[in-house]
Amino acid sequence: MFKPETIERFKGIETPFYYYNMDVLRQTLDACRDASAKHNFHVHYAMKANFNPKVVEAVQRYGFGADCVSGNEVKAAIAGGFDKGKVVFAGVGKSDKEINLALDADIFCFNVESIQELEIINELAQAKNKVAGVAIRINPNVDAHTHHFITTGLDENKFGINTWQLQDVAETLRKCTNLKFLGIHFHIGSQITDMEVYKNLCTRINDMQDWFENHGFAIKVLNAGGGLGVDYYNPDTNTIPDFESYFSVFRKFLRVKPGQEVHFELGRALVAQSASLISRVLYVKIGQKKNFLILDAGMTELMRPMLYQAYHSIENLSRKSEVGKSESPEDGASSQVLNYDVVGPICESTDCFRKDVELPESQRGDLIAVRTAGAYGEVMASNYNLRDAVPSVYSV
Ligand SMILES: *Cc1c(COP(=O)(O)O)cnc(C)c1O
């Protein structure tokens with residue numbers, strides 16, 4: 001929901017841009033901190049969801065750790081204020097350069113995704129006379145019931161180590177003297193809203209910790225990854241994810257022994273609702289079969305709809321907004337509702353935010369907000385078609 005003065009402010013700014021509502025961001029972070037602190041759970045922020053320096057600055061204030069998936073993210077996390085002793089590094093293809101960088105930075109833990117990677121980290125650590133903390137990322141074959149493009153925990157996914165390889169993992173760990181085994185790591189997908197999925201994950205984590213302990217390995221860290229979803233349909237009425245229910249599932253179903261730590265890696269849930277992509281209508285094409293609203297923003301600014309058919313709420317801020325949703329200050333009442341395919345200017349047919357969007361009759365120059373764009377939005381921007389970099393604007 002945009003205040004009239006915010007929309008007034010937008011009128012003076014060149015589009016497209018990302019608008020960050022820092023209040024929403026802080027309220028979300030407050031809610032997550034409070035809900036996790038109750039159970040003594042450790043939260044790492046998944047940097048890849050949004051590494052905008054202002055966002056990183058806001059998040060690190062909460063004392064969360066950082067979950068990184070590249071060497072540059074490790075660097076950015078530490079430079080941005082995260083404690084290096086709370087940095088974890090995942091990713092199926094860590095290069096030698098990235099591993100060395102993380103070893104030099106003395107991060108907390110590598111979340112290791114293959115046996116070969118274990119051997120390489122051991123080798124590189126040995127060369128530096130260091131001991132690397134490692135957790136084994138296990139692919140638990142749990143169906144996340146999310147879009148198949150963003151599921152990661154099934155046997156056919158490239159991530160993690162499959163359970164039938166654990167015997168080899170154990171042997172490798174025993175012979176790698178420059179590795180310190182810390183625990184087990186899971187991340188089964190993203191935009192997960194069905195809590196039953198996390199209950200199933202707990203069962204698998206319990207099985208896996210039994211397996212390791214039966215094979216002589218003490219487990220300090222149980223890392224359940226991230227993936228908690230947000231409500232893309234109701235950004236104004238369901239803004240803050242239900243962290244209470246999420247963490248309660250783990251409190252209830254995860255077997256945690258004395259001395260063990262439970263870790264999470266949340267990205268989307270912490271930042272998605274804090275930003276919108278703001279653009280203007282360039283042209284309106286009224287056709288016989290289709291009407292098109294052609295925006296000055298496209299897949300180069302926000303790729304999620306084109307990349308994985310993601311839904312985003314779309315509002316015309318200059319008129320009455322998407323039918324039945326929020327109110328707007330200007331001449332709403334009189335306008336007629338039309339059906340538009342809301343598209344971008346990029347020379348690709350997939351450059352469409354959504355088809356058949358019901359919006360008040362719109363005109364060139366109208367301000368359009370694409371909501372819930374704070375996660376996997378700005379960070380996926382590209383300069384395809386030699387587009388300008390997309391700027392960001394912040395509430396105070
Ligand atoms: C992307 C990622 C996350 C965060 O996922 P969200 O769905 O944004 O919560 C956590 N852990 C790992 C290993 C990831 O790759």
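**Buried, exposed and in contact: terms applied to a predicted model**

Tutor: In this predicted model, Asn 223 touches Asn 111, Ile 184, His 185, Phe 186, His 263, Phe 264 and Glu 265, leaving out residues up to four places away in sequence. Asn 223 is found in strand 9, residues 221–223.

Student: Why is Asn 223 called buried?

Tutor: Buried means under 20% relative accessible area. Asn 223 has a value of 2%, and therefore it is called buried.

Student: What makes the pair formed by the side chain of Asn 223 and the backbone nitrogen of Gly 225 a polar contact?

Tutor: A polar contact requires a pair of N or O atoms within 3.5 Å. The backbone nitrogen of Gly 225 lies 2.8 Å from a polar atom of the Asn 223 side chain, so the distance satisfies that cut-off.

Student: Is Cys 347 buried or exposed, and how do you know?

Tutor: A residue is exposed when its relative accessible area is over 50%. Cys 347 has 64%, so it is exposed. Its place is in the loop between strand 14 (337–343) and strand 15 (352–360). Neighbours within four places in sequence aside, Cys 347 is in contact with Tyr 384 and Asn 385.

Student: Which UniProt annotation covers Cys 347?

Tutor: The unreviewed UniProt entry gives the annotation "active site" for Cys 347.

Student: Which residues have the most contacts inside the largest nonpolar core?

Tutor: They are Phe 110, Leu 173, Ile 184, Phe 212, Phe 247 and Phe 250, in a core of 108 residues. Helix 8 (residues 195–214) gives the most to this core, with seven residues.

Key: Residues are numbered from 1 along each chain as its sequence is written. This is a predicted model: local features need pLDDT of at least 70, side-chain atom pairs count only at pLDDT 80 or more; totals for chains, interfaces and linings use all residues. Side-chain values use heavy atoms; hydrogens and water are left out. A nonpolar core is a set of buried Ala, Val, Leu, Ile, Met, Phe, Trp, Tyr and Cys residues joined through side-chain atoms within 4.5 Å. Buried means under 20% relative accessible area, exposed over 50%, partly exposed in between (1.4 Å probe, protein chains only). Helices (H or I, at least four residues) and strands (E, at least two) are DSSP runs, numbered from the N terminus. UniProt positions are given in the numbering used here, feature names are shortened, and annotations may be inferred rather than shown by experiment. Contact means heavy atoms within 4.5 Å. A polar contact is a pair of N or O atoms within 3.5 Å; within protein, one must be able to donate a hydrogen and the other to accept it, and residues adjacent in sequence count only if both atoms are side-chain atoms.
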